[in-house]
Amino acid sequence: MRLSGLQKEVVALYRHCLRESRKKPSNTRAHFENFARSEFKRNEAVDRRDFAAIEFLLRKGRRQLEVYSSPGIRDVR
């Protein structure tokens, strides 16, 4: 199955989130991974043709990733 451009962006963002979680302390790494999974799972029901919503969620996700990937953030709950 071929992925559309937006689908590729979503997968890339998810992988980037999981990669960034590896940079966190080992005792809180699972919290970051679970948070990323739950956020993507929560928005799984968005219709694949609702481009505006998907683009909004991608922007929101990128902003959250930027905040959570800073070294000062040690844990997420």
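Q: Which residues does UniProt list for "domain: Complex 1 LYR protein"?
A: This is a predicted model. The feature name comes from an unreviewed UniProt entry. That record places "domain: Complex 1 LYR protein" at residues 8–67.

Q: How far apart do the end C-alpha atoms of residues 8–67 lie?
A: Strand makes up 0% of this span, and helix makes up 75%. The C-alpha atoms at its two ends are separated by 22 Å.

Q: What pattern does the chain follow along the sequence?
A: The chain has zero strands. Its secondary structure comes to three helices. Read along the sequence, that gives α-α-α.

Q: What box do the C-alpha atoms of the chain fill?
A: The box is taken along the principal axes. Its dimensions are roughly 40 × 25 × 20 Å.

Q: What share of the residues of the chain counts as buried?
A: A residue is buried when its relative accessible area is under 20%. The chain has 77 residues. The buried share is 21%.

Q: At what angle do helix α2 and α3 pack?
A: Helix α2 covers residues 29–42, and helix α3 covers residues 51–68. The axes of α2 and α3 are 13 Å apart. The angle between them is about 170 degrees.

Q: Are α2 and α3 roughly parallel or roughly antiparallel to each other?
A: Helices α2 and α3 pack at about 170 degrees. Angles over 145 count as roughly antiparallel. The two helices are therefore roughly antiparallel.

Q: Which residues of α3 make the contact with α2?
A: From α2, the contact uses Phe32, Phe35, Glu39 and Arg42. The residues of the whole contact divide into three nonpolar, one polar and three charged. On the α3 side they are Lys60, Gln64 and Tyr68.

Q: How many salt bridges does the count come to?
A: The rule asks for a side-chain nitrogen of Lys or Arg within 4 Å of a carboxyl oxygen of Asp or Glu. Arginine 62 and glutamate 9 form one such pair, at 2.7 Å from N to O. The count comes to five.

Q: How many residues apart in sequence are the parts that arginine 62 and glutamate 9 tie together?
A: The side chains of arginine 62 and glutamate 9 meet in a salt bridge. Arginine 62 lies in helix α3, and glutamate 9 lies in helix α1 (residues 5–21), so the pair ties together parts of the chain separated by 53 residues.

Q: Is arginine 62 buried, partly exposed or exposed?
A: Its salt-bridge partner is glutamate 9. Glutamate 9 has a relative accessible area of 34% and is partly exposed. For arginine 62 the value is 39%, which also makes it partly exposed.

Q: Is glutamate 20 buried or exposed?
A: Glutamate 20 sits in helix α1. Beyond its neighbours within four places in sequence, glutamate 20 contacts Leu65 and Ser69. Its relative accessibility is 13%, so it counts as buried.

Q: With which lysine does glutamate 20 form a salt bridge?
A: The closest N and O atoms of the pair are 3.1 Å apart. The lysine is exposed, with a relative accessible area of 63%. It is lysine 23.

Q: Which residue forms a salt bridge with arginine 49?
A: Arginine 49 is exposed, at 62% relative accessible area. Its partner is partly exposed, at 38%. The closest N and O atoms are 3.6 Å apart, and the partner is aspartate 47.

Note on methods
Residues are numbered from 1 along each chain as its sequence is written. This is a predicted model: local features need pLDDT of at least 70, side-chain atom pairs count only at pLDDT 80 or more; totals for chains, interfaces and linings use all residues. Side-chain values use heavy atoms; hydrogens and water are left out. UniProt positions are given in the numbering used here, feature names are shortened, and annotations may be inferred rather than shown by experiment. Helices (H or I, at least four residues) and strands (E, at least two) are DSSP runs, numbered from the N terminus. Buried means under 20% relative accessible area, exposed over 50%, partly exposed in between (1.4 Å probe, protein chains only). Axes are lines fitted to C-alpha atoms, for helices over the stretch in contact, and angles run from 0 to 180 degrees between N-to-C directions. Angles under 35 degrees count as roughly parallel, over 145 as roughly antiparallel, 65 to 115 as roughly perpendicular and the rest as oblique. Contact means heavy atoms within 4.5 Å. Ala, Val, Leu, Ile, Met, Phe, Trp, Tyr, Cys and Pro count as nonpolar, Asp, Glu, Lys and Arg as charged, and the others, Gly among them, as polar.
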